[in-house]
Amino acid sequence: MSHTIRDSDKLLARVRRLKGQMQAVERALEAGTPCGEVLQLLASIRGALSGLTGEVMQAHLHEHVLHAESDAEREKAAEELAAALRTYIR
């Protein structure tokens, strides 16, 4: 069983918190909240998203690269991670 399936409840809880944070930004913008407060909300979202991304990447590395069943699966998983990292650091 994949780590995203096994950990889906925990991951989905984090995604729901992120959605709540995004809704807070929307409400703040609609209410004319000062930009400093909006920036703080956005920084919180970025941190939460980076944490979620790091958790999924770490689990991917552990399960699909370190403990791959074959060299071919290891290579495929490493390439998937490399592609995600290229996108992430843009």
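In the predicted model, Arg-6 is partly exposed, its relative accessible area being 46%. The side chain of Arg-6 takes part in a salt bridge with that of Glu-63, with a nitrogen-to-oxygen distance of 2.7 Å. This pairing connects distant parts of the chain, since Arg-6 belongs to helix 1 (residues 3-6) and Glu-63 to helix 3 (residues 35-66), with the two positions 57 residues apart in the numbering. The Arg-6 to Glu-63 pair is one of five salt bridges counted in the model. In general terms, side chains of opposite charge can pair when their charged atoms come close.

Helix 3 is also joined to helix 2. Glu-55 and Lys-10 form a salt bridge in which the closest N and O atoms are 3.0 Å apart. Because Glu-55 is located in helix 3 and Lys-10 in helix 2 (residues 8-30), this pair ties together parts of the chain that are 45 residues apart in sequence. Lys-10 is partly exposed, with a relative accessibility of 46%. The pairing of Lys-10 and Glu-55 does not stand in isolation: these two residues and Arg-14 are linked in a network of salt bridges.

A salt bridge within a single helix is found in helix 4 (residues 71-88), where both Lys-76 and Glu-80 lie. The closest N and O atoms of this pair are 2.9 Å apart, and the two residues are separated by four positions, about one turn of the helix. The partners fall into separate accessibility classes. Lys-76, with a relative accessible area of 55%, is exposed, because the exposed class begins over 50%. Glu-80, at 38% relative accessibility, is partly exposed.

The loop between helix 2 and helix 3 contains Thr-33. This residue has a relative accessibility of 23% and is therefore classed as partly exposed, the limit for a buried residue being under 20%. When neighbours within four places in sequence are set aside, Thr-33 is in contact with Ala-28 and Val-38. The C-alpha atoms of Thr-33 and His-60 are 39 Å apart in space, and the two residues are 27 residues apart in sequence.

Technical notes
Residues numbered from 1 in each chain as written. Predicted model: local features only at pLDDT ≥ 70, side-chain atom pairs only at ≥ 80, totals over all residues. Heavy atoms only, no water. Salt bridge = Lys/Arg side-chain N within 4 Å of Asp/Glu carboxyl O. Buried < 20%, exposed > 50% of the residue type's maximum accessible area, 1.4 Å probe, protein only. Contact = heavy atoms within 4.5 Å.
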